[in-house]
Amino acid sequence: MKNKTVILGYFLIVIFFAIGCSKPIQPTYLGYQNLRLGKVGTKSNVLMSDIKFYNPNKYALNVKEAEMDVYFNDRLLGHTSMSNTVSLPPLDTTLVPFTIAASITDILANTAQIYLNPNVRVKVQGNAKAGRGGIFVNIPINYQGTQRIQFTRTDTTSRNR
């Protein structure tokens with residue numbers, strides 16, 4: 001009887017760890033907010049945006065690294081990477097700030113296309129390390145969809161002069 005109890009105990013521990021250490025479900029990309037131009041220069045330019053993610057897991061998911069290439073209308077816009085850890089709450093939507101390094105030629109080519117047609121095919125490809133409890137796994141990032149890109153004009157001049 002004691003052997004059956006020990007075997008059952010080991011079996012339950014193995015089941016517990018197998019369920020608890022299962023690979024996390026990939027967060028769902030829901031879109032972006034606040035697309036803006038950060039640093040502008042002749043060699044390096046920075047676009048900034050807040051990306052919306054939904055965590056379909058029943059537990060908080062920590063994303064500690066991410067590397068992605070962003071394409072607009074099948075044309076490379078730029079590369080983004082994240083090296084700080086971001087926690088995505090369980091079964092909830094979170095905004096994550098991202099910066100995209102892009103060349104001026106890529107920005108100008110994409111901007112001209114966007115002004116002609118603001119409905120843009122967005123493609124994001126890359127990898128992220130996500131997990132919990134210090135155990136992280138690589139999760140591929142593959143998103144394709146159409147989004148409406150709108151630029152807002154920011155007027156910094158005073159009209160009451």
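The largest nonpolar core of this predicted model has 29 residues. Phe72, Met82, Val96 and Phe98 have the most contacts inside this core. A nonpolar core here is a set of buried Ala, Val, Leu, Ile, Met, Phe, Trp, Tyr and Cys residues joined through side-chain atoms within 4.5 Å. Many elements contribute: β2, β3, β4, β5 (86-88), β6 (92-102), α2 (104-116), β7 (119-132) and β8 (135-148) each supply at least two residues. The largest share, six residues, comes from β3. In soluble globular proteins, nonpolar side chains tend to be buried together.

Some ground rules come next. Residues are numbered from 1 along each chain as its sequence is written, and side-chain values use heavy atoms, with hydrogens and water left out. Because the model is predicted, local features need pLDDT of at least 70 and side-chain atom pairs count only at pLDDT 80 or more, while totals for chains, interfaces and linings use all residues.

Now take the whole chain. Its secondary structure comes to two helices and eight strands. From the N terminus on, the order is α-β-β-β-β-β-β-α-β-β. Helices (H or I, at least four residues) and strands (E, at least two) are DSSP runs, numbered from the N terminus. Of the 161 residues, 29% count as buried. Buried means under 20% relative accessible area, exposed means over 50%, and partly exposed lies in between (1.4 Å probe, protein chains only). Contacts, meaning heavy atoms within 4.5 Å, often reach far along the sequence. Among those between residues at least 6 apart in sequence, 64% join residues at least 24 apart.

Val96 shows such contacts at the level of one residue. Leaving aside neighbours within four places in sequence, Val96 is in contact with Ser49, Asp50, Ile51, Phe53, Met82, Val86 and Leu88. Asn45 is another residue to look up. Asn45 lies in strand β2 (residues 45-55). Is Asn45 buried or exposed? Asn45 is buried, because its relative accessible area is 2%. Not counting residues up to four places away, Asn45 touches Lys39, Val40, Ile100, Ala101, Ala102, Ser103, Ile104 and Ile107.

Ile107 leads to helix α2. The 13 residues of α2 should span 18 Å at 1.5 Å a residue (the expected span is 1.5 Å times one less than the number of residues). The end C-alpha atoms of α2 are 19 Å apart, which agrees. Which residues of α2 are buried? They are Ile107, Asn110 and Ile114. Seen down the helix axis, these buried residues fall within an arc of 75°, so they line one face of α2. The arc is that of the directions from the helix axis to the C-beta atoms. An α-helix has 3.6 residues a turn, so residues three or four places apart point the same way. The buried residues of α2 pack against β1 (28-37), β2, β3, β4, β6 and β7. The face turned away from the buried side carries the exposed residues Thr105, Leu108, Tyr115 and Leu116.

Next, the hairpins. Strands β3 (residues 61-72) and β4 (residues 75-82) run antiparallel and are joined by seven bridges. Two strands pair if DSSP finds at least two bridges between them. Val70 stands opposite Gly78 in β4. β3 and β4 form a hairpin with two residues between them. Asn73, in this turn, has a phi near 50°, a positive value in a residue other than glycine. Asp74 also has a positive phi, near 65°. Most residues other than glycine have a negative phi. Asn73 is buried, with a relative accessible area of 18%. Asp74 counts as exposed, at 54%.

β7 and β8 also run antiparallel, joined by 14 bridges. Asn127 stands opposite Pro140 in β8. This pair forms a hairpin with two residues between the strands, and Gly133 in the turn has a positive phi of about 60°.

One link connects the turn after β3 to β7. How many salt bridges does a search of the whole structure find? The search finds one. Asp74 forms a salt bridge with Arg121, and their closest N and O atoms are 2.8 Å apart. The pair links distant parts of the chain: Asp74 sits in the loop between β3 and β4, Arg121 in strand β7, 47 residues apart. A salt bridge is a side-chain nitrogen of Lys or Arg within 4 Å of a carboxyl oxygen of Asp or Glu. Arg121 is partly exposed, with a relative accessible area of 43%.
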